[in-house]
Amino acid sequence: MTTEIFFSAVLIGIGATAFMDMVALSQKLIFSQQSLNYAMVGRWLGHVAQGQIVHRQITASDPVLAERLLGWSAHYLTGVVFALGFLAVVGRGWLEAPSVLPAIAFGTLTVLAPFLILQPGMGAGLAARLTPDPRAARLKSVFAHLSFGIGLWIAANCISISF
């Protein structure tokens, strides 16, 4: 992977994650829909570092130092890692002419991370099956990751215009 592709992935990952967050903020403001509390992601990661991977309910677990910062940093780092993975799959040609369909497909595929890792680890069960409304939780996750995919495409177009 070239330096150019790496830096493009960093910019695209940050941009796509920011777009995902803007969509979540819009949902909160318009529909009063609560989004993921990234402090709880930081709490989970803090406990993972101490060897505890699965919790009954992450909100009942002891807080960890700087959990909000840790959670938000992990959120954006994950976006960059996903963008790196995406560019490794689609290649340099996509960067030169970004198309929306591969980005949406990949973004939607990234929902497997919360379904299989984050939600079970935080006590929500596999694909949020232990939440009060699993179907709604799953749809929110799919929509969030769909917006990440759209963000990949938007961010790639923005950086291609600026170069």
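Modeller: Before we start, a definition: angles of 65 to 115 degrees count as roughly perpendicular. Keep in mind that this is a predicted model.

Colleague: Thanks! How are helix H2 and helix H3 oriented to each other, roughly parallel or roughly perpendicular?

Modeller: Helix H2 (residues 38-49) packs on helix H3 (residues 67-90) with the axes 6 Å apart and an angle of about 95°. That angle falls in the range from 65 to 115 degrees, so H2 and H3 are roughly perpendicular.

Colleague: Which class of residue has 8 members in the contact of H2 with H3?

Modeller: H2 brings residues including Tyr38, Met40, Val41 and Leu45, while H3 brings Leu70, Trp72 and Ala74, among others. Sorted by class, the contact has 3 charged and 4 polar residues, and the 8 are nonpolar.

Colleague: Nice. Which helix gives the most residues to the largest nonpolar core?

Modeller: This core has 28 residues. H1, H2, H3, H4, H5 and H7 are the elements giving two or more residues to the core. With 6 residues, the top contributor is H3.

Colleague: And which residue near Phe86's contacts also touches the most other core members?

Modeller: Leaving out residues up to four places away in sequence, Phe86 touches Trp94, Pro102, Ala103, Phe106 and Leu152. The core members with the most contacts to other members are Ile12, Phe86, Leu87, Met122 and Leu152. The name found in both lists is Leu152.

Colleague: Last one: what span does H1 reach from its first C-alpha to its last?

Modeller: H1 has 29 residues, and at 1.5 Å a residue the expected span is 42 Å. The model comes close to that, with a reach of 41 Å.

Methods
Residues are numbered from 1 along each chain as its sequence is written. This is a predicted model: local features need pLDDT of at least 70, side-chain atom pairs count only at pLDDT 80 or more; totals for chains, interfaces and linings use all residues. Side-chain values use heavy atoms; hydrogens and water are left out. Axes are lines fitted to C-alpha atoms, for helices over the stretch in contact, and angles run from 0 to 180 degrees between N-to-C directions. Helices (H or I, at least four residues) and strands (E, at least two) are DSSP runs, numbered from the N terminus. Angles under 35 degrees count as roughly parallel, over 145 as roughly antiparallel, 65 to 115 as roughly perpendicular and the rest as oblique. Contact means heavy atoms within 4.5 Å. Ala, Val, Leu, Ile, Met, Phe, Trp, Tyr, Cys and Pro count as nonpolar, Asp, Glu, Lys and Arg as charged, and the others, Gly among them, as polar. A nonpolar core is a set of buried Ala, Val, Leu, Ile, Met, Phe, Trp, Tyr and Cys residues joined through side-chain atoms within 4.5 Å. Buried means under 20% relative accessible area, exposed over 50%, partly exposed in between (1.4 Å probe, protein chains only). The expected span of a helix is 1.5 Å times one less than its number of residues.
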